[in-house]
Amino acid sequence: MSHHRHQSGVIPSMEAQSEELSGNTVVIVLGASGDLAKKKTFPAFFGLYKEGYLPKDIHIVGYARTKMTLDEFHLREVSYIKNPNEDEEIKTKLESFKSISTYVAGSYDKDEDFQALEKHLNEIEAKYPGEERNRLFYFALPPSVFLDVARGLKHNNYSKNGINRIIIEKPFGKDLKSAQELMSSLGNLWTEDETYRIDHYLGKEMVKNMLVLRFANIALSSGWDKNSISNVQITFKEPFGTEGRGGYFDEFVCPTFAAVTLWINNPRWEGVPFILKAGKALNEAKVEVRIQYKDVTQGIFKDIARNELVIRIQPSEAVYIKMNMKTPGFLTRAFPTEMDLTYKRRFTDAKIPEAYEALIRDAFRGDHSNFVRNDELEAAWKIFTPILHWIDGRDGQAPRPSPYPYGSRGPKELDGFIRKHGFKRAESGYVWPLTNVGSV
């Protein structure tokens, strides 16, 4: 009986994956001295190591151009790993983590440096039992050196007796042409099965949950089409601007907000606008998908709010359905409230892994389902390259960005833009997740 319960709800297509790396595995983090490795990559590997999710006898090798001692590398490696309560068990795990981590300094374009790395890897692997030698290469690198590194690794560090995988970070090019060139050149060296393009948002719990939410719930899926849905909004809001990013943004002319509407030309979604909004220096930090349903047929009710299905990706993961109910008490009036599944209240003892942890574990398991595929990447660039070229003024006069106050909801034109595409904002004073009945 317990076995049956354990197996219920599995997704067979996601269970049958490539071979899992379960032992005799070395991880090589390229760009190990950089901010990405320090802030995201190494903390994710430690999180998996602490919970026992890495292969047995795992060894981690940092590789970068910076010359530093092993102690200096260890200091940098664990500098962003949090232990606010000075937990002794975590301290012990950190020391153990450092003991399985070593460092090699070298360039990204010289065979002799990659050969020095190979010598170091051979010394580590000589202690492994049997002939199997698995290697996972993590590119915590800028795209400008992707191909040099991919080439150097393939020619000098590709294991002949095991599985080889590479994880590369976005951006995957800067437009369609550069992305196609990158994919083609990389594909000549590493197969699609060996390549894992990581976008950490695809590893977030509520993004991964969409597959189950959509296909495992008849109550929702029957209304998941143009007959019931008016519009879909995907919102990405950050409360900070481009401060400290001078190397990436021109503070005076860089656009910091964009809204665009896309359509899916198939029978299910024909005519439904998908409104994408993203911006910096806004009033809050929030990422969500908001599915707004069509109006109730008029007759029984007057000015009734629309239903909405909201998937809150961050902060505070949640799924809630905005629906109309009778006002509590003597009055027979409809007012908007919600069926609320907030994870931190419902799953009090669950630890939701960080997105990087989830995706790195998927790469060890050989699961590509939450990584960016090459045809998906090409389709995305085909949509956005013309927009980016228009913003850059390549085909005529560049558009003039609309200013908006720091800490606001965005440009004043935004409300009219989303209203034009069918979104209706509730005017009833509804506030999620609390409602004062006396105010309705």
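The legends below describe close-up views of a predicted model. Local features need pLDDT of at least 70 and side-chain atom pairs count only at pLDDT 80 or more, while totals for chains, interfaces and linings use all residues. Residues are numbered from 1 along each chain as its sequence is written, and side-chain values use heavy atoms, without hydrogens and water.

**View A. Helix H6 and its buried face.** H6 covers residues 111-125 (helices, H or I, at least four residues, and strands, E, at least two, are DSSP runs numbered from the N terminus). Its 15 residues reach 20 Å from first to last C-alpha, close to the 21 Å expected (1.5 Å times one less than the number of residues). Buried residues of H6 (under 20% relative accessible area, 1.4 Å probe, protein chains only) include Phe-114, Leu-117, Leu-121 and Ile-124. The buried residues of H6 fall within an arc of 165° seen down the axis, so they line one face of the helix (the arc is that of directions from the helix axis to the C-beta atoms). Their packing partners are strands E1 (25-30), E2 (59-64), E3 (101-105) and E4 (134-139) and helix H7 (146-156) (contact means heavy atoms within 4.5 Å).

**View B. The two sides of helix H4.** In H4 (residues 70-77), Phe-73, His-74 and Glu-77 are buried. They cover an arc of only 100° around the axis, which puts them on the same side of H4. These buried residues pack against helix H3 (35-50), E2, helix H5 (88-99) and E3. Asp-71 and Leu-75 are exposed on the face turned away from the buried side (exposed means over 50% relative accessible area).

**View C. Phe-215 in helix H10.** Phe-215 lies in H10 (residues 210-215). Phe-215 is exposed, with a relative accessible area of 60%.
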